[in-house]
Structure formats: structure tokens, C-alpha cells
Amino acid sequence: MRDVLKGIWEELKEFFTRDWTMTEKILVILCCVLIGVIKGFMLSPVKRGVKVFSDNGNTYHEMEDEFWLEDED
């Protein structure tokens, strides 16, 4: 395990000493993070379906409310 961590540390040191600009290095790191997030979304189990909104029951049905039919003075 120690050899694996040492190898990862050496690769990180080699990555940051490359002849790239800081912008290129940040873009590579950002791409790796975003690929990890997308991979996590794709591989995670869906338990109770996918909800886009909170669906907490705060809805307003205009046709059920008689107040909207009254004229304003």
C-alpha cells in the first residue's frame, strides 16, 4: 500500500513540474474532477426515481381557486 501511495505522490510531483502553463494544469484537473462527477452520476444507483424539483406539495392550482375570478377594484 505504501508503494502505491509513493507512486501516486511521484506522479503528482511529475505532473506539477511539467512544462505546461498553470491554465493547462487547472484545465486538466478540472476535467478529471468533472469526469469523476459524471461517472459517479452514471454509476450511482437510483433509489426512488429522479426528482428534478423538491416536490414538497407547494403548488397553486388556478382553476381550483375562486379568488382569481373576482374583479379588482
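Buried means under 20% relative accessible area, exposed over 50%, and partly exposed in between, using a 1.4 Å probe and the protein chains only. The model is predicted, so local features need pLDDT of at least 70 and side-chain atom pairs count only at pLDDT 80 or more, while totals for chains, interfaces and linings use all residues. Residues are numbered from 1 along each chain as its sequence is written, and side-chain values use heavy atoms, with hydrogens and water left out.

**Exercise 1. The overall picture**

Find how many helices and strands the protein has, and what share of its residues is buried.

Step 1. Helices (H or I, at least four residues) and strands (E, at least two) are DSSP runs, numbered from the N terminus. The protein has two helices and zero strands.

Step 2. Of the 73 residues in the protein, 3% are buried.

Step 3. By the Shrake-Rupley method with a 1.4 Å probe, the accessible surface comes to about 7,800 Å², and 63% of that belongs to carbon and sulfur atoms.

**Exercise 2. The cysteines**

Work out why Cys 31 has no bond to the sulfur of Cys 32.

Step 1. A disulfide is a pair of cysteine sulfur atoms within 2.5 Å.

Step 2. The closest cysteine sulfur to that of Cys 31 is in Cys 32, 7.0 Å away, which is too far for a bond. The count therefore comes to zero disulfides by the 2.5 Å rule.

Step 3. Now look at the surroundings: Cys 31 has 44% relative accessibility and counts as partly exposed.

**Exercise 3. The aromatic rings**

Identify which residues form the aromatic cluster, and describe how their rings are arranged.

Step 1. Rings of Phe, Tyr and Trp (its six-membered ring) pair if their centres lie within 6.5 Å; planes under 30 degrees apart count as stacked, over 60 as edge-to-face and the rest as tilted. This rule gives two aromatic pairs.

Step 2. Phe 15 and Phe 16 pair edge-to-face, at 5.1 Å centre to centre with 75 degrees between the planes. Phe 15 also pairs with Trp 20: the centres are 5.7 Å apart and the planes stand at 90 degrees, so this pair is edge-to-face.

Step 3. Phe 15, Phe 16 and Trp 20 thus make up one aromatic cluster.

Step 4. Check the accessibility of each ring residue. Phe 15 is buried at 12%, whereas Phe 16 is partly exposed at 43% and Trp 20 is partly exposed at 34%.

**Exercise 4. The charges**

Locate the salt bridges, then say which ring Arg 18 lies over.

Step 1. A salt bridge is a side-chain nitrogen of Lys or Arg within 4 Å of a carboxyl oxygen of Asp or Glu. The structure holds two.

Step 2. Lys 13 and Glu 10 form a salt bridge, 3.7 Å from N to O. They are three residues apart in helix α1 (residues 2–16), which means a separation of about one helical turn. Lys 13 is partly exposed at 41%, and so is Glu 10 at 40%.

Step 3. Glu 14 and Arg 18 form a salt bridge, with their closest N and O atoms 3.2 Å apart. Glu 14 is partly exposed at 37%, and Arg 18 is partly exposed at 32%.

Step 4. A charge sits over a ring if NZ of Lys or CZ of Arg is within 6 Å of the ring centre and within 35 degrees of the ring normal. Arg 18 lies over the face of Trp 20, at 4.9 Å from the ring centre.
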